[in-house]
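Hi everyone, thanks for coming. Let me put today's protein up on the screen, and then we'll walk through it together.

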Amino acid sequence: MTSRLLVALLLSSTLSWAQKPTITYKPPASTEDDRPVLTSIVVGAQSSDYAFNLEFDKRPWGEDCRNRCASATLFIDTDNNRQTGLKLADPKAAETGADLVVTIQGTRSMAGDTPRPVLRVKVSGYSESARDVEDAHLLAELDPTLDSERVLTLDNAVYLLIDGNLGALPIGKQLRVIYHPPGSKPLVGQARGLAGPSSGRVELFKDGKLTNPIKKKKSDYEKF
């Protein structure tokens, strides 16, 4: 088994403390022209990081989707407080109070004369002066090649670890997640924030290395 696959499985197990996904969505029947959409979103605190387990209805990037790959955006209210972060004109708008926005984009990049598939994760934050969803400032741009300890992919899933210290984000006992499926109303869920009580789970990364890995039986790996 590759180390990246092992990390993905460990991260999936770490997020198993959630009784159910933070947000679930059942999309209409998909066609070849439809982009992959999120069907399950699990978010939670992992040490000083925000951990994400994101399941799409089909592979979010690569040769399968080619030029119609994923373009999904998540808004995170890191302290579950509408008085901080993004302040839209409508105080009841789902995104009001968002402090962080994460965009997962499958695209193609030129390697010489040959296009190659890439997955990009853009992490941006909102200051107290933000009044529009476009007012976010870029904090980090990650990909599974250069940032394999923080961005991992496995079949239809994308696993992320986002540093909670980026941009001096506010923290709270709970966080709020907002996702807009294409052509649908916003979906909102809540999860444990960085200031919440410890979940007692293992810490996955320390100084760029795995720590306290979860032991699994050999049979658990054989199907991979």
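**A disulfide, a sheet and some shaky stretches**

Let's start with a twist: the link of Cys65 and Cys69 is right-handed, with 95° about the S-S bond. The two sulfur atoms sit 1.9 Å apart, and a disulfide here is a pair of cysteine sulfur atoms within 2.5 Å. By that rule the count is 1 disulfide. Are these cysteines buried or exposed? Cys65 and Cys69 are both buried (under 20% relative accessible area; exposed is over 50%, partly exposed in between, with a 1.4 Å probe and protein chains only).

Before I go on, this is a predicted model, where local features need pLDDT of at least 70 and side-chain atom pairs pLDDT 80 or more, while totals for chains, interfaces and linings use all residues. Residues are numbered from 1 along each chain as its sequence is written, and side-chain values use heavy atoms, leaving out hydrogens and water.

Now the sheet. It's open, with 5 strands in the order E1-E2-E3-E9-E8 and antiparallel pairing. Strands are DSSP runs of E, at least two residues, and helices are runs of H or I, at least four, numbered from the N terminus; two strands pair if DSSP finds at least two bridges between them. At the edges are E1 (23-24) and E8 (151-154), each pairing on one side only. E1 pairs with E2 (residues 38-46) over 2 bridges, and Ile23 stands opposite Ile41 in E2.

Finally, confidence. pLDDT is the predictor's confidence in each residue, from 0 to 100, and its mean here is 82. Among the elements, strand E4 (residues 71-77) has the highest mean, 97, and helix H2 (residues 218-222) the lowest, 36.
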